[in-house]
Amino acid sequence: MIKDTFFSFSRFGKLLYKEISENWKLYALRTLMMYGVLAIVLIWAGYSEYKSYNPLFSFDDLNVRVTTLVTWMWAWWGFISLGTSFAFESMKSKTRRITNLMVPATTFEKYFFRWLIYVLILPLLIYFSMVLADYTRVFVCSMIYSEIPSIETTQFKYFVDQGDGGYSLCHNWSQGILLILLNLYIQSLFLLGSIFWSKNAFIKTLISLVVIGFVYYWSGVVAVHVFKDCDIINLNSFIFKWGHILFPILSIINWVLTYFRLKESEVIHRM
């Protein structure tokens, strides 16, 4: 009998131990898959750049390091969206739903565990997989192109401009934080989709986002033509002005909706 019907640290600790001990092989396999995909992409990018090496000219693998940062950004979006779509895979079949209902934990504890894994830990795993893949790129390409003296690892601090004229993804921390918040919001949509749809959650959520984006874009185009004298819609300026406030609010709303959807699903399947 569960006395505390919301949250208990001791009970959550037992849930955390149970889930990780039972599914660590699955988590390890998915992490290894991410590393493998990233390593292949970076080695291919390095090979494409280094094969044109000419000792008569100065060489700088700047393009490879820029490619690494861009790959990191897209991998960040892709793997987080895809991975989060599996957050509630335990609710996908009747057998798994029954097993999930038998776990001695509250709905919030089950939800918080998945939120912790996919919202906090998954981005860190993607980052470490990217760093390891970059070192793998340097190791493999240094063996293949031993005559090249300057194959270097990527400095991930250049996610934001360091003020030294080097390469960077974002010009300042304001843009960098905005990019992180936008990614967090998109991830919250896939988290909601993972509990909302029982099958093919990633594909259905992705299609829904594409349709919504398409409708929004063409609504803006029509509005601009109707109100020619009024610049009422400027998506870029709106995002840069209000995104730091809007994206966290929308993310929290999606997290709350996900929790209540999970709670509703458990109530339905108990009946």
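Helix α1 has 42 residues, yet its end C-alpha atoms are only 53 Å apart, short of the 62 Å that a straight helix would reach at 1.5 Å a residue. Keep in mind, as you turn the structure around, that this is a predicted model. To see where α1 departs from a straight line, look at N23: the helix bends there by about 65°. The buried residues of α1 are R11, F12, L15 and E19, together with M34, L38, A39, L42, A45, G46 and Y50.

Helix α4 makes a good companion case. With 38 residues at 1.5 Å a residue, α4 should span 56 Å, and its end C-alpha atoms are 53 Å apart, which agrees. Even so, α4 has a kink of about 40° at I121, shortly before the proline P123.

**The overall fold**

What does the secondary structure of the chain come to? It comes to seven helices and zero strands, so from the N terminus on the elements run α-α-α-α-α-α-α. Of the 271 residues in the chain, 38% are buried. Among contacts between residues at least 6 apart in sequence, 75% join residues at least 24 apart.

Two pairs of C-alpha atoms give you something concrete to check on screen. V66 is found in helix α2, and its C-alpha atom is separated by 9.3 Å from that of Y158, 92 residues apart along the chain. E264 is found in helix α7; the C-alpha atoms of E264 and T107 are separated by 9.7 Å, with their positions 157 residues apart along the chain.

**The nonpolar cores**

In soluble globular proteins, nonpolar side chains tend to be buried together. Here the largest nonpolar core has 42 residues, and F88, Y111, F159 and L191 touch the most other members. Helices α1, α2 (62–84), α4, α5 (173–196) and α7 each supply at least two residues of this core. Which helix gives the largest share? That is α4, with twelve residues.

Y111 is a handy place to start exploring. Leaving aside residues up to four places away in sequence, Y111 touches F88, L191, W255, T258, Y259 and L262. Apart from the largest core lies another core, of seven residues, among them Y50, V64, C141 and Y145. Y50 also appears among the buried residues of α1.

**Aromatic contacts**

The structure holds 17 aromatic pairs. One of them joins W115 and W255 edge-to-face, 5.3 Å centre to centre and with 90° between the planes. This pair links distant parts of the chain: W115 is in helix α4 (residues 107–144) and W255 in helix α7 (residues 235–270), 140 residues apart. Are these two tryptophans buried or exposed? Both W115 and W255 are buried.

For a second example, turn to F196 and W197. Their ring centres are 5.2 Å apart and their planes lie at 85°; an angle over 60 degrees counts as edge-to-face, so this pair is edge-to-face. F196 counts as partly exposed, at 47% relative accessibility, and W197 also counts as partly exposed, at 25%.

W115 and W255 also belong to an aromatic cluster, which is formed by F7, F9, F12, F108, Y111, F112, W115, W255, Y259 and F260. Y111 is therefore a member of this cluster as well as one of the residues that touch the most other members of the largest core. Elsewhere, a charged side chain meets a ring: R30 lies over the face of F86, at 4.9 Å from the ring centre.

**A loop residue and some accessibilities**

N200 is found in the loop between α5 and α6 (201–226). Although N200 is not a glycine, it has a positive phi of about 50°. With the exposed class starting over 50%, N200 counts as exposed because its relative accessibility is 52%.

The table gathers accessibilities for residues met above.

| Residue | Relative accessibility | Class |
|---|---|---|
| V66 | 32% | partly exposed |
| E264 | 42% | partly exposed |
| F196 | 47% | partly exposed |
| W197 | 25% | partly exposed |
| N200 | 52% | exposed |

Note on methods. Residues numbered from 1 in each chain as written. Predicted model: local features only at pLDDT ≥ 70, side-chain atom pairs only at ≥ 80, totals over all residues. Heavy atoms only, no water. Phe/Tyr/Trp six-rings, centres within 6.5 Å; stacked < 30°, edge-to-face > 60°. Helix = DSSP H or I, 4+ residues; strand = E, 2+ residues; numbered from the N terminus. Buried < 20%, exposed > 50% of the residue type's maximum accessible area, 1.4 Å probe, protein only. Lys NZ or Arg CZ within 6 Å of the ring centre and 35° of its normal. Core = buried A, V, L, I, M, F, W, Y, C linked by side-chain atoms within 4.5 Å. Contact = heavy atoms within 4.5 Å. Expected span 1.5 Å × (residues − 1). Bend = angle between axes of the 7 residues up to and from the residue.
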